[in-house]
Amino acid sequence: MAETLAIADEAMTLRRPLHHVVVNVAKLVNMRKNAELQEDVATADVINVDGIGVLWGARLCGVEFPERVAGVDIMINLLGLCAKRGFRPYLLGAEQHVLDAVTKRLAKDHPNLVVAGMRNGYFKPEDEAAIVEAINASDANCLLVAMPTPRKERFLKRYRDELAPSFVMGVGGSFDVYGGKVARAPKLIQAAGLEWLFRVAQEPRRLWRRYYDTNTAYAGLLLREFWNRQQRRNVNS
């Protein structure tokens with residue numbers, strides 16, 4: 001987390017373009033069958049492991065990461081950094097009432113923070129050019145995009161060369177969490193790797209099938225990768 005925030009701080013200070021993404025189990029599975037999404041993620045400048053399932057899977061296969069760096073935690077810390085350093089964030093995405101709740105909480109948490117602008121995520125493709133123009137005119141230092149995968153990745157990749165904010169990041173449903181629409185799992189549940197189950201419990205009819213499909217697919221991918229690595233070790237030993 002500290003390293004990620006330092007990279008973001010440097011990018012905004014030097015006005016150097018930096019595209020950030022996170023990877024969780026669902027996105028990793030979807031990248032396997034969506035070449036455009038895979039390219040969108042692979043061409044980003046910084047990639048964090050958001051899902052603890054990806055962290056555990058990587059370690060199981062002998063790939064070491066220092067820690068999970070969740071997108072919502074990056075966003076919350078980044079907003080604090082902006083308040084401290086005088087950077088101006090632009091908030092794009094989510095429902096309008098969620099955006100209103102986010103700005104209300106920001107006013108309480110960071111009274112000195114200046115929000116460069118905001119726009120809800122309900123717009124048509126033909127509106128995108130005007131939205132990019134408004135973002136650039138706002139003199140924002142960073143852009144937080146709260147839209148679902150793969151829409152946010154496509155938006156950022158399509159306009160990354162046109163967007164003026166230095167640090168751009170897709171934050172998915174983080175506005176919903178920060179604005180209080182969705183509850184975040186307690187720390188113990190997060191540490192146990194059951195944050196997904198906590199989300200399903202909140203919206204079972206909408207989410208159970210999605211998590212069942214992606215978790216099952218990921219378990220299969222992980223078992224095959226682990227087996228292949230073991231076979232290679234046996235051949236080389």
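**Close-up views of a predicted chain**

**View 1. The whole chain, for orientation.** With 237 residues, a compact globule would be expected to have a radius of gyration near 18 Å, and the chain agrees, with 18 Å; this radius is taken over C-alpha atoms, and the globule rule is 2.2 Å times the number of residues to the power 0.38. This is a predicted model, in which local features need pLDDT of at least 70 and side-chain atom pairs count only at pLDDT 80 or more, while totals for chains, interfaces and linings use all residues. Residues are numbered from 1 along each chain as its sequence is written, and side-chain values use heavy atoms, leaving out hydrogens and water. You will find 12 helices and six strands here; these are DSSP runs numbered from the N terminus (helices: H or I, at least four residues; strands: E, at least two). The C-alpha atoms fill a box of roughly 60 × 40 × 35 Å along the principal axes. Of the 237 residues, 43% count as buried (buried means under 20% relative accessible area, exposed over 50%, partly exposed in between, with a 1.4 Å probe and protein chains only).

**View 2. Helix H7 and its two sides.** Glu128, Ile131, Val132 and Ile135 are the buried residues to look for in H7. They cover an arc of only 100° around the axis, so they sit on the same side of H7; the arc is that of the directions from the helix axis to the C-beta atoms. Turn to the other side of H7 and you meet Ala129, Glu133 and Ala137, which are exposed. Packing against the buried residues of H7 are strand S3 (89–93), strand S4 (117–119), S5 and helix H8 (151–159).

**View 3. The loop that follows H7.** Ser138 belongs to the loop between helix H7 (128–137) and strand S5 (142–146). Its relative accessible area is 10%, so Ser138 is buried. Beyond its neighbours within four places in sequence, Ser138 is in contact with Arg88, Tyr90 and Ala116 (contact means heavy atoms within 4.5 Å). Asp139, in the loop between H7 and S5, has a phi near 60°, a positive value in a residue other than glycine. At 45% relative accessibility, Asp139 counts as partly exposed.

**View 4. Cys142 and its surroundings.** Cys142 lies in strand S5 and is buried, with a relative accessible area of 0%. Not counting residues up to four places away in sequence, Cys142 touches Met12, Leu78, Cys82, Arg88, Pro89, Tyr90, Pro165 and Phe167. For a sense of scale, the C-alpha atoms of Cys142 and Asp50 are separated by 20 Å, with their positions 92 residues apart along the chain.

**View 5. Backbone details at Ala94 and Pro150.** Most residues other than glycine have a negative phi, and most peptide bonds are trans. Ala94, in the loop between S3 and helix H6 (96–109), has a positive phi near 70°. Ala94 counts as buried, at 13% relative accessibility. In the loop between S5 and H8 you can find Pro150, joined to Thr149 by a cis peptide bond with an omega of about 5°.

**View 6. Helix H11 and its cover.** Glu195, Arg199 and Val200 are the buried residues of helix H11 (residues 195–202). Seen down the axis of H11, these residues fall within an arc of 145°, so they line one face of the helix. Their cover includes helix H10 (187–191) and helix H12 (204–236).
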